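Biologist: Got a minute to go through this one with me? I'd like to start with a single residue and work outwards.

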Amino acid sequence: MEAIVVDGVSKHFTLRHAHSIKEMTVRAVRRQSLSERFTALDEVSLTVAQGESLALMGLNGSGKSTLLKLISGVMQPDRGSVRVRGRVAGLIEVGAGLHPDLTGRENIFLNAAILGMTKAETEAKYDDIVAFSEIETFLDTQVKFYSSGMFMRLGFAVAVHTDPEIFLVDEVLAVGDPPFQKKCLQRIRAFHAEGRTLVIVSHDMGTLEKVCGRGIVLEQGRAAYEGGIQGAVDFLAPPESPLEAQQRRRAREEAALAAVPAGDSARAEAELFAAEVMPDVPRLPDPRATLEYGLALAAGQDGMALEFGVHTGGTLSVIADAREGKNVFGFDSFDGLPEDWRAGFPAGHFAVEEPPEVRGAELVVGLFESTIEGFLQEHPEPVAFVHVDADLYSSARTVLAHLGPRLSVGTVIVFDEYFGYPGWREHEYRAWEEYVAESGVRFDYEGFTEGNEQVIVRITGIS
Amino acid sequence: MTVQPLLAPGRGGGLLDVARRRYLLRLLVRRELRSRYQGSLLGLGWSYVRPAVNFAVYYFVVGIFLKMSRTIPNFPVFLFSGMVLISFFTETLITTAWSIVGNAALVKKVYLPRELFPAASTLVSGVHMLPAFGVLMGGAVWAGWAPSWIAVGSMALAFAIVATLAMAFGLLFAAVNVFFRDFGQVVDIINIVVPWSVPMIYPWTTVQDATHGGWLLQLYLANPLTSAVLLFERAFWWPTNDQALTLPNGAPALPGGHLAFPYHLTVRGLAGLLAAMVLLALAQWVFARLQRRFAQEL
Ligand SMILES: Nc1ncnc2c1ncn2[C@@H]1O[C@H](COP(=O)(O)OP(=O)(O)O)[C@@H](O)[C@H]1O
Ligand SMILES: [Mg+2]
């Protein structure tokens, strides 16, 4: 689901030469121009998915802050529209709401209220805010006696304890001393992990690569590049030599490895795999978001939506909702896994007493190899969306082999256990790779769950 | 979890939004009071000193030297009741006019319903009015004032008119001042005229005599501020007037036989309040349109 939709937005500034009634009169009499028009944003469009973290990059004056101000509602676009879902808060500039004559304590309450918190909310978070700011001893001192570092800390501490759905950050991650910066960065990542939507402006490419999945580069008010964060960084600051390019690549691989807990080599392998084959796709925060994103991609695609591996029906009902209950089918024997899968999932695991009731979806009960063929004979429609949640190589292979002729350009497949667990290269991943090699279909990766196992693919060509 | 709708940001509901964010409004008022008096010699005491000096000047010059005390019995209460109301009005015009420009740092960086700032300034002026109002009350009681329905009703109506009018002009001036920084000067000039344009220093009958009761008088009386000042005088001054006369038709009169208040003052007051409310609605509309460009103009 989209959290921010910016559609064809332009913003012009009128640089007025006259700021008083007198100046205006004088210039009018002399027939001098009263103003000049300057285009800060030119037909910019972008969509940010809920839970996504977007980097906004560009040289000074390229329009980044202006775009953030349009998103936060501080300014209104001249043309086009901006729409947001949920509460927006931001660090457009740290400490904007701090008042020099008030004490630190009073400023915490005032600034929190400015950012939309109620008194009760502020009181509940007060201790956390104070602890985060590390200025306990100066709470009763007027803010005008604070050093600029303390001032920033206070402003930042309040801002990161608000509870917005969308959080905007404008060039403020560089405040404070290195330990504080690190803490702020952690906090921003925690925001991301909580599923909040982030838009971050920074000139620190390393930070952006760590926090953001996608990047947009603005050039003189136009979106010059949109894609994966690493691509965006390379676009804005191309490596100057082959050596530097290589260093960058190595640093990224190391970062990908460092991002996962030591010893979890399957996870690390998946990270590398993702960085290599799908560097530019959205990284979705959880499996549900991935499923919903896949469904959104298939929204314009006519035909059936099929799930293989219904289990208790939770995800099938998400699919049924998205397809409005039309042509949705769930396949499962409900006897659990037909053979051993990975460690901890022996044959028979996932068995349920009785098939679940799922509104808007029809169940096809039985082993895939015995049900799919008959089903397809009765249902001649194309397949628009497939959710492969059967875990095993053999099941995925059966499904793909039977469905193959019904897949068309635009069909979206969400694999639920594609990668990132021990032995992943032997299951859904392998079944898909083999199917692609045998059938010659072409496809794009469209997204995956960050730190998890789900992957979305979309068919782009059939030979 | 309910899915929230996609909405355009920064399209506030105007003064209604201010009502929704009362808590923030209260903090803003407290901040302004605090910062205005922090480190000052007398603190809120200045709210006594200024009206006291203002009052003394008028009282001695107009009341004693120009002998207005003879025309108007109990002149100090007469003068002070109008003055309390008018200083509230003029102070509000000045502070609201600078309320957006003075909060530029916030207006440029965080979206808040911008009406908050003029509203906070108006409330701060209201707080400043309290000491003078207390003095007026004390003086009137000392001079024999006792509460009555007509007094309390007149006071409330007068205050409603002035507050509404001040808020309306406050919104307009605050917005215009963003675009033309010398507009503040215009406000200063307006404030020189206002105290003389209402029957605060002289009785309204002076205008009646000078205009021979013609259309100019009607224009003068049509000003809602005039009605408000007359109502405040009816609330505080008239009950303490020991030389009160009534004409044969029962209308209150001054010693010279002049009408103390124009006929139908309550109706005039209500009409003035209605006019002020219409003006407020208009001002809110203009403000809402102009505020979209505040952030880029500051
Ligand atoms: N309020 C304003 N009035 C006039 N020009 C402005 C205003 N705000 C920004 N600009 C101009 O718009 C351009 C884009 O500014 P900005 O969005 O702040 O860039 P960035 O954040 O990418 O450095 C700059 O050239 C800047 O001078
Ligand atoms: Mg900027």
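Modeller: Sure. Take Thr122(A): leaving out residues up to four places away in sequence, Thr122(A) touches Ile108(A), Phe109(A), Ala112(A) and Met117(A). Keep in mind that this is a predicted model.

Biologist: Okay, and which helix is Thr122(A) found in?

Modeller: Thr122(A) is found in helix α4 of chain A.

Biologist: Does Thr122(A) count as buried or exposed, and why?

Modeller: Buried, because its relative accessibility is 0%, and the cut-off for buried is under 20%.

Biologist: Let's follow those contacts. What about helix α3 of chain A, how many of its residues are buried?

Modeller: Nine of the eleven, so α3(A), residues 104-114, is mostly covered. Among the buried ones are Ile108(A), Phe109(A) and Ala112(A), which are also contacts of Thr122(A). Others include Gly104(A), Asn107(A) and Asn111(A).

Biologist: What do the buried residues of α3(A) pack against?

Modeller: Elements from both chains. In chain A they pack against α4 (119-133) and α5 (148-159), and in chain B against α2 (22-37) and α7 (104-109).

Biologist: And what follows α3(A)?

Modeller: Gly116(A), with a positive phi near 100 degrees.

Biologist: Switching to chain B. Where is Ser121(B)?

Modeller: In helix α8 of chain B, which covers residues 116-142.

Biologist: Why is Ser121(B) called buried?

Modeller: Because its relative accessible area is 2%, and buried means under 20%.

Biologist: What is Ser121(B) in contact with, leaving aside neighbours within four places in sequence?

Modeller: Glu32(B), Thr95(B), Thr96(B) and Ser99(B).

Biologist: Zooming out, how many helices and strands does chain B have?

Modeller: Chain B has 15 helices and three strands. The radius of gyration of chain B is 21 Å, close to the 19 Å from the globule rule for 298 residues, so chain B is as compact as a globular protein of that length. Its C-alpha trace spans about 70 × 45 × 40 Å along the principal axes.

Biologist: What share of chain B is buried?

Modeller: Buried residues make up 51% of the 298. Among contacts in chain B with a separation of 6 or more, 77% come from residues 24 or more positions apart.

Biologist: And how about the area that chain B exposes?

Modeller: About 13700 Å², with carbon and sulfur atoms supplying 70% of it. On charges, chain B has 21 positive and 10 negative, and their mean positions are 10 Å apart.

Biologist: Back to chain A. What's the strand order in the open sheet of eight strands?

Modeller: The order is β10-β16-β17-β15-β14-β11-β12-β13 in chain A, with mixed pairing. The edge strands are β10 (283-284) and β13 (362-365), each of which pairs on one side only.

Biologist: How many bridges join β12 to β13 there?

Modeller: Four, and the two strands run parallel; β12(A) covers residues 328-332. Phe329(A) stands opposite Glu362(A) in β13(A).

Biologist: Last one: what about Val352(A), where does that lie?

Modeller: In the loop between β12 and β13 of chain A. Val352(A) is 18 residues from Phe334(A) in sequence, with 5.7 Å between their C-alpha atoms.

Biologist: And which residues does Val352(A) touch, not counting those up to four places away in sequence?

Modeller: His311(A), Thr312(A) and that same Phe334(A).

Notes. Residues are numbered from 1 along each chain as its sequence is written. Chains are lettered from A and ligands numbered from 1 in the order in which they are written. This is a predicted model: local features need pLDDT of at least 70, side-chain atom pairs count only at pLDDT 80 or more; totals for chains, interfaces and linings use all residues. Side-chain values use heavy atoms; hydrogens and water are left out. The radius of gyration is taken over C-alpha atoms; the globule rule is 2.2 Å times the number of residues to the power 0.38. Buried means under 20% relative accessible area, exposed over 50%, partly exposed in between (1.4 Å probe, protein chains only). Contact means heavy atoms within 4.5 Å. Accessible areas come from the Shrake-Rupley method with a 1.4 Å probe; for residues, only the protein chains shown count as cover. Lys and Arg count as positive and Asp and Glu as negative; His and the chain ends are not counted. The place of a charge is taken as NZ of Lys, CZ of Arg, CG of Asp or CD of Glu. Two strands pair if DSSP finds at least two bridges between them.
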